[in-house]
Structure formats: structure tokens, C-alpha cells
Amino acid sequence: MLENDRLRLAVIIGSTRKGRFGPTIAGWFVGRARRHGDLDVDVIDLAEADLPSTLTDEDEPVPPQVLALAPRLSAADAFAVVTPEYNRSFPAPLKTAIDWYYREWQAKPVTFVAYGRESGGLHAIDQLRQVFTELDAVAIRDAISLPRYWEMFAPDGTWPKAASDCNTTVTATLDHLSWWAHALRDARTKSPYTT
């Protein structure tokens with residue numbers, strides 16, 4: 001594969017809660033993404049990014065944490081958001097992180113890796129699709145839903161079990177995310193996206 005054919009995938013860990021399971025899920029997803037063959041992965045942990053929870057007004061200076069993260073989001077060709085479902089939605093720090101940026105999301109594909117109780121994070125995914133669509137990102141159909149994720153541990157303590165559905169779903173999701181990322185990157189190169 002040519003170097004310029006490689007894609008930059010930003011994997012965003014959306015939970016900042018103590019005791020969160022997001023880094024475990026993100027670690028599994030990142031491992032699979034790195035084996036995909038055409039993806040360079042940048043893991044963005046919102047707990048480490050420490051973005052302010054209060055947005056500034058247009059005439060106020062942008063906080064340094066926001067400025068520091070912007071180039072990493074801008075460089076991404078695609079995004080994968082790892083999120084829990086809280087009360088039929090996604091965590092507030094994830095919404096704040098999304099709202100700090102605008103052009104960084106535009107004309108780029110987004111997929112979701114959501115986890116929760118019986119719904120497997122599907123309510124969070126549905127709401128995130130609406131949010132990213134409003135920002136002119138392309139929320140692809142394929143996503144990974146992990147219902148009762150705590151039941152997916154193998155006897156040796158690893159996660160997920162080899163027989164878990166997510167092990168096959170992740171391949172199709174990465175294939176389609178990669179297709180969209182190539183197509184949209186080519187389109188942005190030929191005709192820069194404007195609003």
C-alpha cells in the first residue's frame with residue numbers, strides 16, 4: 001500500500017468517568033483497526049484531553065486544551081467514537097468535546113462503538129448520528145453495539161470472548177469506514193468542503 005493511501009483514524013474515548021470500561025473497549029477496537037492494513041490510529045482520550053466544560057463566546061480566547069486537540073482532529077480522515085450509554089444518551093463530556101469543534105468534523109466519516117445494558121448503546125448511537133450530521137460529518141450506517149458488555153469476558157479474563165458478535169461486526173465496520181474515508185478524502189482534495 002502506498003504511504004499516501006493510508007488513512008488517519010481518530011478513536012475518541014467518550015467517557016471520562018472513574019472506573020470506566022471505555023479504554024478496554026477502545027484498546028480492542030484500536031488493535032483491530034491497526035490490523036486492518038490502511039489505518040494509522042490516534043487515540044484521543046477525553047479524560048486526558050481535559051477540555052473545559054464551559055464553552056467560550058466567539059470573542060473570547062480559545063482555551064489551550066481546545067487548541068491543543070484541534071490539529072489532531074483536523075488531521076483525521078475518519079473518526080470512531082467509543083461511548084457508553086447513560087440514561088438513553090451519551091456522556092455530557094463527549095457532547096462538550098464535539099461542540100468545541102466544527103470544521104474538524106466536516107465531510108469526514110464517523111462510526112460508533114457503543115456499550116451499555118440491553119440496548120448495547122443504540123440510543124447513544126442514534127443521538128450521536130443526529131449531532132454529527134448537524135456538523136456535516138457522515139455518520140455511516142455500520143456501528144458496533146455491545147449489549148451487556150460485562151458478560152463478554154473470556155474465562156482467562158480477556159475481553160471480548162472470541163465468539164462474541166463484535167469480532168465479526170468490527171471487520172465490516174472498519175471496511176465501510178475505510179471506504180467512506182477514502183471517498184471523502186478524495187472529494188475534499190478535489191473540491192474543498194464549504195458551508
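Biologist: Which residues line the largest cavity?

Modeller: In this predicted model, the lining of the largest cavity consists of Ile 12, Ile 44, Leu 46, Leu 69, Leu 73, Leu 94, Ala 97, Ile 98, Tyr 101 and Trp 105. The space in the largest cavity comes to about 50 Å³.

Biologist: Which elements give two or more residues to that lining?

Modeller: Helices H3 and H4 do. The largest share, 3 residues, comes from H4.

Biologist: How do the lining residues of the largest cavity divide into nonpolar, polar and charged?

Modeller: There are 10 nonpolar residues, no polar ones and no charged ones.

Biologist: How many cavities of 30 Å³ or more does the count come to?

Modeller: The count is 1.

Biologist: Let us turn to pockets. What volume does the largest pocket have?

Modeller: Its volume is about 270 Å³. The largest pocket is lined by 13 residues, and those closest to its centre are Thr 56, Asp 57, Glu 58, Val 62 and Trp 100.

Biologist: Which element gives the largest share of the lining of the largest pocket?

Modeller: Helix H3 gives it, with 3 residues. By residue type, the lining of the largest pocket holds 7 nonpolar, 1 polar and 5 charged residues. For the largest cavity, the corresponding figures are 10 nonpolar, no polar and no charged.

Biologist: Next, the strands. Is strand S4 mostly covered or uncovered?

Modeller: Strand S4, residues 109-116, is mostly covered, with 8 of its 8 residues buried. To read a strand, look at which way each residue points. Pro 109, Thr 111, Val 113 and Tyr 115 point one way from S4, while Val 110, Phe 112, Ala 114 and Gly 116 point the other way. Residues of both sets are buried.

Biologist: Which way do strands S3 and S4 run, parallel or antiparallel?

Modeller: Strand S3, residues 78-84, and S4 run parallel and are joined by 6 bridges. One place to look is Phe 79, whose bridge partner in S4 is Val 110.

Biologist: What do S3, helix H4 and S4 make?

Modeller: They make a right-handed β-α-β unit, in which H4 covers residues 92-99. H4 is also the helix that gives 3 residues to the lining of the largest cavity.

Biologist: How many bridges pair S4 with strand S5?

Modeller: S4 and S5, residues 138-139, pair over 2 bridges in the parallel sense. Here Val 110 stands opposite Ala 139 in S5. Strand S6, residues 144-147, pairs with S4 over 4 bridges, again in the parallel sense. In that pairing, Gly 116 has Pro 147 in S6 as its bridge partner.

Biologist: Now the charged side chains. When can side chains of opposite charge pair?

Modeller: They can pair when their charged atoms come close. In this model the count of salt bridges comes to 10. One of them joins the side chains of Arg 6 and Asp 40, at 2.8 Å from N to O. Arg 6 lies in the segment before strand S1 and Asp 40 lies in strand S2, so this pair ties together parts that are 34 residues apart in sequence. Asp 40 is partly exposed, with a relative accessible area of 34%.

Biologist: Which residue meets Arg 8 in a salt bridge?

Modeller: The partner of Arg 8 is Asp 77, with 3.6 Å from N to O. The pair links distant parts of the chain, 69 residues apart: Arg 8 is in strand S1, and Asp 77 is in the loop between helix H3 and S3.

Biologist: Are Arg 8 and Asp 77 buried or exposed?

Modeller: Arg 8 is partly exposed, with a relative accessible area of 41%. Asp 77 counts as buried because its relative accessibility is 2%, and the cut-off for buried is under 20%.

Biologist: Which other residue forms a salt bridge with Asp 77?

Modeller: Arg 188 does, with the closest N and O atoms 3.5 Å apart. Arg 188 lies in helix H6, residues 166-190, and Asp 77 in the loop between H3 and S3, so their salt bridge ties together parts that are 111 residues apart in sequence. At 18% relative accessibility, Arg 188 also counts as buried.

Biologist: Which residues are linked in a network of salt bridges?

Modeller: The network links Arg 8, Asp 77, Arg 185 and Arg 188.

How values were computed
Residues numbered from 1 in each chain as written. Predicted model: local features only at pLDDT ≥ 70, side-chain atom pairs only at ≥ 80, totals over all residues. Heavy atoms only, no water. Buried < 20%, exposed > 50% of the residue type's maximum accessible area, 1.4 Å probe, protein only. Pairing = 2+ DSSP bridges. Right-handed = clockwise from strand over helix to strand, strands pointing away. Salt bridge = Lys/Arg side-chain N within 4 Å of Asp/Glu carboxyl O. 1 Å grid on protein atoms, 1.4 Å probe; cavity = no way out; pocket = protein on both sides within 12 Å on 5 of 7 lines; lining within 4 Å. Points joined across faces, edges and corners; volume = space filled by probe spheres on them. Nonpolar A, V, L, I, M, F, W, Y, C, P; charged D, E, K, R; others polar.
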